[in-house]
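Dear colleague,

I am handing over the structure we spoke of, and below it you will find an account of what turned up in it. Please read the text with the coordinates open beside you.

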Amino acid sequence: MRFSPVAEISRHALLHNLERLRKLAPHSKIMAVVKANAYGHGLTTLARWLDQAGVNGFGMARLEEALCLRNEGICARMLLLEGVFSEEDLELAAANNLEVAIHDVEQVAMLERAVLSRPIRIWLKLDTGMHRLGIQPEQFAAIYQRLRALTHLQGDINFMTHFAVADEAENPETARQIALFNQLTRDLPGERTLSNSAGALVWPAAHGNWVRTGLALYGGSPMIAGRPQDFQLQPVMTMKTAVLAVRELKAGEPVGYGQSWRSGRDTRLAVIAMGYGDGYPRHAVSGTPVLINGRRFPLAGRVSMDMMTVDIGDAEVSVGDPVVLWGRGLPVEEIAECATTIPYELLCSTTARVQYQYVE
């Protein structure tokens, strides 16, 4: 038996979530966001599954991600969410039929200078309140006219924005962002995309022509304190491992680095083959839940690079018993909260030591 973590990736769960998103946004196309190795799930396999399921397009952060999928034979529409930053990369994008976001005046000037082998489709990104990337509202009219004068664009200029607090369903800021976006783009031709996963789930007024779904597609909840079951989503990744050892512990004896945890009673510990070297959060607190044989047990002491310890009391647990760190039966959101982080980080932090198992 090998005592090493396995990320089990479920095709069934992925396609279930895709159908749920189609039902929640029935009048929008689905742009599957596959950046960061498909949120840690495996870029090429996940993209092939989604392409076979007829997803409308893909969104990614980096040119390399898009070129990888083109090399895999995937012909769907692809949008580089940060655009490109050199004329060489702009030509690569055009030659591979990639779409690019335009979010500042330097990218506009680069487009004006460019001599491309084929027309390129662009998305003008508006800063409606995120204040990260995007054209300021007062710049919009002048930049839009500059782009309209270009002769090497494919189709109409499209429009996008990004929400800052869509994960807070009661926060009025998202409605303000929607209103500003609609005001700026009213009566103009072109496609629109406003919504991330949170927008797709709870802001139907922002669905537009496309919803850009990342975390929800992988079965996570983007909402503050939310859970996947709130939206009938299923976790695509289940992080699994096994019990490495079972130890006796006397009352008052400390466990782990820093001796930060002591049992108030005689107990037993299960040593789990998983640590921060595999992507488990080091700052997960004692009490963070772990499933062994389908039963919840609390983390005891600090997470090490390769191992972690769990207080199992007098439960029947043996070496080799199956362990779930997050996924089916244990939402990744709960682990993230125990580590004062977000589920996005946990999924994306899976390291190269973890084996991937793709299942139907």
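**Salt bridges, a cavity and the cysteines**

A network of salt bridges links Lys 29, Arg 77, Glu 99, Arg 121 and Glu 191. Please keep in mind throughout that this is a predicted model, and that the structure as a whole holds 18 salt bridges. Three individual pairs are described next, followed by the cavity and then the cysteines.

In one of these pairs, the side chains of Arg 146 and Glu 112 come together in a salt bridge with an N to O distance of 2.8 Å. Since Arg 146 belongs to helix H7 (residues 140-148) and Glu 112 to helix H6 (residues 105-113), the pair ties together parts that are 34 residues apart in sequence. Both partners fall into the intermediate class of accessibility, for Arg 146 is partly exposed at 33% relative accessibility, and Glu 112 is partly exposed with a relative accessible area of 36%.

A salt bridge also joins the side chains of Arg 353 and Asp 278, with 3.1 Å from N to O. Here the partners sit in loops: Arg 353 lies in the one between helix H11 (343-348) and strand E18 (355-359), and Asp 278 in the one between strand E13 (267-272) and strand E14 (289-292), so the pair ties together parts that are 75 residues apart in sequence. Arg 353, at 41% relative accessibility, counts as partly exposed, whereas Asp 278, at 3%, counts as buried.

The side chains of Arg 296 and Glu 334 form a further salt bridge, for which the N to O distance is 2.5 Å. This pair links distant parts of the chain, 38 residues apart, with Arg 296 in strand E15 (residues 295-298) and Glu 334 in helix H10 (residues 332-338). Arg 296 is partly exposed at 44% relative accessibility, while Glu 334 counts as buried at 18%, a value that lies under the 20% cut-off for that class.

Turning to internal space, the search returned 1 cavity of 30 Å³ or more, and the largest cavity contains about 30 Å³ of space. Its lining is made up of Met 31, Gly 57, Phe 58, Arg 77, Met 78, Leu 79, Glu 99 and Trp 210, which by class gives 5 nonpolar, 1 polar and 2 charged residues. Strand E3 (57-60) and strand E4 (77-80) each contribute at least two residues to this lining, and the largest share, 3 residues, comes from E4. It may help to look at the cavity alongside the network described at the start, given that Arg 77 and Glu 99 are among the lining residues and are also members of that network of salt bridges.

As for the cysteines, a search of the whole structure finds 0 disulfides. Why does Cys 75 not form a bond with the closest cysteine sulfur? The sulfur of Cys 75 is 14 Å from that closest sulfur, which belongs to Cys 68, and this is too far for a bond, since a disulfide requires the two sulfur atoms to be within 2.5 Å. Cys 75 is itself exposed, with a relative accessible area of 65%. The sulfur of Cys 338 is likewise too far for a bond, because the closest cysteine sulfur, in Cys 348, lies 19 Å from it.

With best regards

Notes. Residues are numbered from 1 along each chain as its sequence is written. This is a predicted model: local features need pLDDT of at least 70, side-chain atom pairs count only at pLDDT 80 or more; totals for chains, interfaces and linings use all residues. Side-chain values use heavy atoms; hydrogens and water are left out. Buried means under 20% relative accessible area, exposed over 50%, partly exposed in between (1.4 Å probe, protein chains only). On a 1 Å grid over the protein atoms alone, a cavity is a set of points where a 1.4 Å probe fits but cannot get out, and a pocket is an open set with protein on both sides within 12 Å along at least five of seven lines; lining residues have an atom within 4 Å of a point. Grid points are joined across faces, edges and corners, and a volume is the space filled by probe spheres set on the points. Helices (H or I, at least four residues) and strands (E, at least two) are DSSP runs, numbered from the N terminus. Ala, Val, Leu, Ile, Met, Phe, Trp, Tyr, Cys and Pro count as nonpolar, Asp, Glu, Lys and Arg as charged, and the others, Gly among them, as polar. A salt bridge is a side-chain nitrogen of Lys or Arg within 4 Å of a carboxyl oxygen of Asp or Glu.
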